Amino acid sequence: MSQTIRAIRGMNDCFAPDIHAWQQLEAILVRATKRYAFDEIRFPIVESTALFKRSVGEATDIVEKEMYTFEDKNGEFLTLRPEGTAVCVRACIEHGLIHNQIQKLWYMGPMFRHERPQKGRYRQFYQLGVEYFGAESWDTDVEVIALFQHILNQLGLDSFTTLEINTLGAPPERKAHRDALVTYFEHHHDKLDEDSKRRLYRNPLRILDSKNKEMKELLEDAPKIQDYMGQESLNRFEAVLKALSGLGIAYQVNPQLVRGLDYYSHTVFEWSTDRLGAQSAVCGGGRYDGLVEQLGGKKTPAVGFAMGLERLLELKQEVAPFSEGTLELFIVSDEALRQEALKLAQELRELKPSAAVETYCGEASIKAQLKRANKKLAQTALFLTTDAWAKGQVMFKDLATGEQKEASFKEWQQHWQKNRDAL
Ligand code: HAM
């Protein structure tokens, strides 16, 4: 026998019943983006490698070690997208979507990073991201933060997450801070771990992000971006914080929060949870006013975020799981009533378009049919048996409680119609 071929490590298949939770999550997310008036954009999974090098940054973990890059048959270097912001900007420039206008976009789909797989960290993972282009004002930061907060509320997850926020200031302020960091860390070179030594000149800001407990004190005393920031940037950040409080959104200012991608300036933010172990960030984002120009477009301010769907779902399932079954009705019938069962299933689907209805096809005992209804986690089983049917009666059973009732077929139909959802 030949060896079976398996999925790539860190890349997962998804099927029932888990897929039901994914679909419920996605429906809530899509509805939320609509409520906040964002439009969907779809773009390719594969892009030129140069796109990510120029945007995410040559010295970031993503570009240094995590990209799936290959040379295609034309000798071009291509990369499976590790994130969506750079791709979204590329697409917007290419199609003139952000020229002198406000553009609010969202996207959802797989991203690829060659990280060490573990719970909550995958090599193919799913993100939903939003990008708000064309407005520089502080209220756009607040609006996107409010959108993710709304999503957390919808999912019942707000009390299980913490929003951390920071400002990186304007690019010249960032540069002054960066220079001060290099000088400071040069003075304390012996206290740096290997990773930090490597980052010292390439990306000193990332040293602040280090989780190494032995460097905690060193990092706490490191130069703070706030000390290099002009009044304008400080006022801007104050306005964001004030507006968040005004909306009742709780936050913690974390001066160490720098984010792992190079394109940010001013506000950056991240939601994390203590319920998922090491991979605790469920959503992150910030402003990136320089990126559009850096990728060849006209200077366009922007802000956005992306959430990791696996992590969001793992958190949801941990604290307030979605219902597993999505099948409302399963029709079990005697052999002689199979034609009626098919007809009835059609009628019931039309009467209530949002409901899923299955009827057993093929020959099987009532017991075997019921077994399938239970396996599919159906809410109700409707029995069409020859004797009862002849009297215009049906029997239905709540499969969660086991409660059984008999009713006239007319009554049953009215009940079904009454619970009809408007679609
Ligand atoms: P990011 O922080 O790299 O930001 O990723 C956003 C989220 O994706 C993370 O908070 C996490 O939930 C999830 N994530 C990242 N890597 C993995 C992984 N290996 N496995 C599972 N989940 C993961 C960005 O990607 C930016 N493009 C966000 C943004 C949009 N900034 C502005 N606009």
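Let's start inside: Y132 is buried, with a relative accessible area of 11%. This tyrosine belongs to a predicted model, and the chain in it has 15 helices and 16 strands. Of its 423 residues, 50% count as buried. Taken along the principal axes, the C-alpha atoms fill a box of roughly 90 × 60 × 45 Å. Below is a tour by topic, beginning with the aromatic rings.

**Aromatic rings**

- Across the model, the count comes to 14 aromatic pairs.
- Y132 teams up with F38 in one of these pairs, and the geometry is edge-to-face, with 6.0 Å from centre to centre and 80° between the planes.
- This pair ties together distant parts of the chain: F38 sits in the loop between helix 1 (18-35) and strand 1, Y132 sits in strand 6 (residues 124-133), and their positions lie 94 residues apart in the numbering.
- Is F38 buried or exposed? F38 is buried, because its relative accessible area is 4% and the cut-off for buried is under 20%.
- Y184 and F185 make another edge-to-face pair, this time at 5.3 Å centre to centre with 65° between the planes.
- Y184 and F185 are both buried.
- Rings can also gather in groups: F133, Y263, Y264 and Y288 form one aromatic cluster.

**A three-stranded sheet**

- Here's a handy bit of background: strands of a sheet pair through backbone hydrogen bonds, and they can do so parallel or antiparallel.
- One sheet here is open, has 3 strands in the order 2-4-3, and uses antiparallel pairing.
- Why is one side of strand 2 (46-48) and of strand 3 (68-71) left without a neighbour in the sheet? Both stand at the edges and each has a single partner strand, so there is no neighbour on the other side.
- From one strand to the next, the twist averages 35°.
- Strand 2 and strand 4 (residues 77-80) run antiparallel and are joined by 3 bridges.
- If you want to find a bridge yourself, start at V46, whose bridge partner in strand 4 is L80.

**A greasy patch on the surface**

- V46 turns up again here: together with I45 and F70, it makes a nonpolar surface patch of about 210 Å².
- I45 is found in the loop between strand 1 (39-40) and strand 2.
- I45 counts as partly exposed because its relative accessibility is 34%, and partly exposed covers the range between the buried limit of 20% and the exposed limit of 50%.

**Strand 7 and its two partners**

- Strand 7 (residues 162-167) runs antiparallel to strand 9 (residues 265-272), and 6 bridges join them.
- Which residue in strand 9 is the bridge partner of L163? The partner is W271.
- With strand 8 (residues 252-253), strand 7 runs parallel, and 2 bridges join this pair.
- On that side, I165 has V253 in strand 8 as its bridge partner.

**Salt bridges**

- A search of the whole structure turns up 22 salt bridges.
- One of them joins E64 to R198, with the closest N and O atoms 3.0 Å apart.
- That salt bridge links distant parts of the chain, since E64 is in helix 3 (residues 61-66) and R198 is in helix 7 (residues 194-202), 134 residues apart.
- E64 is partly exposed, at a relative accessible area of 31%, and R198 is partly exposed too, at 38%.
- For a salt bridge inside one helix, look at E94 and R90, whose closest N and O atoms are 2.9 Å apart.
- E94 and R90 both lie in helix 4 (residues 85-94), and they are 4 residues apart, which is about one turn of the helix.
- E94 counts as exposed, with 54% relative accessibility.
- E358 and R372 meet through their side chains in a salt bridge of 2.8 Å, N to O.
- This pair joins a strand to a helix: E358 is in strand 13 (residues 357-359), and R372 is in helix 13 (residues 366-375), 14 residues apart.
- What do the accessibility values say about these two? E358 counts as buried at 15% relative accessibility, whereas R372 counts as partly exposed at 32%.
- Finally, D61, K65, R199 and R206 are joined into one network by salt bridges that share partners.

Definitions and conventions
Residues are numbered from 1 along each chain as its sequence is written. This is a predicted model: local features need pLDDT of at least 70, side-chain atom pairs count only at pLDDT 80 or more; totals for chains, interfaces and linings use all residues. Side-chain values use heavy atoms; hydrogens and water are left out. Two strands pair if DSSP finds at least two bridges between them. Axes are lines fitted to C-alpha atoms, for helices over the stretch in contact, and angles run from 0 to 180 degrees between N-to-C directions. Patches are made of residues with over 30% relative accessible area and no salt bridge: like charges are joined within 9 Å, nonpolar side chains (Val, Leu, Ile, Met, Phe, Trp, Tyr) within 5 Å. Accessible areas come from the Shrake-Rupley method with a 1.4 Å probe; for residues, only the protein chains shown count as cover. A salt bridge is a side-chain nitrogen of Lys or Arg within 4 Å of a carboxyl oxygen of Asp or Glu. Buried means under 20% relative accessible area, exposed over 50%, partly exposed in between (1.4 Å probe, protein chains only). Rings of Phe, Tyr and Trp (its six-membered ring) pair if their centres lie within 6.5 Å; planes under 30 degrees apart count as stacked, over 60 as edge-to-face and the rest as tilted.
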